[in-house]
Amino acid sequence: MQGDDPGLAVARIALGCGNFGGIGSAPDFFGQGLTDDEAFALMDAAFQAGIDWFDTADAYGGGRSERAIGRWMATRGVRPRLTTKTFNPMEAGADHGLKPDRVARQLRSSLDRLGVSQVELYLAHEYDPDVPLVETFGAFGTAQADGLIGAYGVSNFDAPQLAAALAAGAPRAVQNSYSLLARQDEPDLLPLCAERGVAYLAFGPLAGGWLTGKYRRGAAYPAGSRMTQRPEPYQDLVTGATFDALDRLEAIAASRGTSLAGLALGWLLADERVTQVVIGPGRPEHLAPAAEALRHPVTEAERAEIEAAVAGLSGRPRSQEAGQ
């Protein structure tokens, strides 16, 4: 399936590769996350399942994510479509941001690690208050003219920041955290995207595992889960109201014969405002809810019931690396 924007046709589901060789862009976790063998098994399974768009960033794992994807493509002889990003430091204490010379340098290094001459989509990974957007987008435009990127966009931008970006250049996409437990973009940013024809890409669709049912009221967090590795972005979810909502969602999922994760992904896929859903599975079997969501589409009546189940919860944005 393709996005609604004729200038940016993206796959409906993308494989988030933020856990390859690290846990997102956090230098403290570089070298952790999935090993190359585990990442290769996941990419094999995703590609075989028809997921042919991979989402990464230069700083994921300090470059390990892009290198793993590059090696996988070289050994498998296949070429998924690619999103990568820049802003965060490649190691503790290294430079960061969106200055034009840094953008040019980081893009070249990303292409080298991936082993490609172009990426389909290049994103500013965060808003940089120290660099005018027109300067950053000038560098993006040069890269586009040189054939190094197909389109460009932004990530982790709120509505005012996206409005400023649209005034400064031509971003074709915004990638933000969005799920049943993080709905902060609904009032302002999603309508702005619809009005201006900007593709909306949702990462963190399962809220760090909270929408899979793995976290139970009063129970210890499973070993190796996000809540045992980087719990800080999700601490606001540790409330009785969240567990009550999850109980209601699990009942809805059971009534339609699907998993909680399949229900949560199905809710996103049923939203015409969402162009792409970026999933971040840890193992091949974690791809099953995406297939389930496609097999059992959520109806409008079910969407209303699902949204009623989480009414009253206040979602807040979560960092890019936390969401994948």
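The following paragraphs lead from the overall form of the chain to its barrel and then to two individual residues. The model is predicted.

The chain holds 12 helices and eight strands. Its C-alpha trace spans about 55 × 45 × 35 Å along the principal axes. For 324 residues, a compact globule would have a radius of gyration near 20 Å, and the value for this chain, 19 Å, agrees with that expectation. Buried residues account for 56% of the 324 residues. Of the contacts between residues at least 6 apart in sequence, 75% join residues at least 24 apart. The surface can be described in similar terms: about 12700 Å² is exposed, and carbon and sulfur atoms supply 52% of that area.

How are the strands arranged? Eight strands form a closed barrel in the order β1-β2-β3-β4-β5-β6-β7-β8, with parallel pairing. Within this sheet, neighbouring strands are turned against each other by 30° on average, direction ignored.

Strand β6 offers a useful point of entry into the barrel. Strand β6 covers residues 173-177 and pairs in the parallel sense with strand β5, residues 149-155, over two bridges. In this pairing, Ser155 stands opposite Gln175 of β6. Is β6 enclosed or open to the surroundings? Five of its five residues are buried, so β6 is largely enclosed by the rest of the structure. In a regular strand, side chains alternate between the two faces of the sheet. In β6, Ala173, Gln175 and Ser177 lie on one side, Val174 and Asn176 lie on the other, and all of them are buried, so that both faces of the strand are covered. The chain reaches β6 from β5 by way of helix α5 (residues 159-168), in a β-α-β crossover that is right-handed.

The next step leads to strand β7, residues 199-203, which runs parallel to β6 and is joined to it by five bridges. Here Ser177 stands opposite Phe203 of β7. Between β6 and β7 the chain passes through helix α6 (residues 189-196), and this β-α-β crossover is also right-handed.

On the other side of β5 in the strand order is β4. Helix α4 lies across β4 (119-124) and β5, and runs at about 155° to β5. Thr136 belongs to this helix, which comprises residues 133-145. With a relative accessible area of 1%, Thr136 is buried, because residues under 20% are classed in that way. Which residues does Thr136 touch, apart from its neighbours within four places in sequence? Its contacts are with Leu98, Val103 and Val131.

The second residue to consider is Asp271, which lies in the loop between α9 (260-269) and β8 (276-279). Although it belongs to a loop, Asp271 has a relative accessibility of 5% and therefore counts as buried. Leaving aside its neighbours within four places in sequence, Asp271 is in contact with Arg12, Tyr178 and Arg303. The C-alpha atom of Asp271 is separated by 9.3 Å from that of Val298, a residue 27 places away along the chain.

Notes:
Residues are numbered from 1 along each chain as its sequence is written. This is a predicted model: local features need pLDDT of at least 70, side-chain atom pairs count only at pLDDT 80 or more; totals for chains, interfaces and linings use all residues. Side-chain values use heavy atoms; hydrogens and water are left out. Helices (H or I, at least four residues) and strands (E, at least two) are DSSP runs, numbered from the N terminus. Buried means under 20% relative accessible area, exposed over 50%, partly exposed in between (1.4 Å probe, protein chains only). Contact means heavy atoms within 4.5 Å. Two strands pair if DSSP finds at least two bridges between them. Axes are lines fitted to C-alpha atoms, for helices over the stretch in contact, and angles run from 0 to 180 degrees between N-to-C directions. The radius of gyration is taken over C-alpha atoms; the globule rule is 2.2 Å times the number of residues to the power 0.38. Accessible areas come from the Shrake-Rupley method with a 1.4 Å probe; for residues, only the protein chains shown count as cover. A crossover is right-handed if, with the strands pointing away from the viewer, the path from the first strand over the helix to the second runs clockwise.
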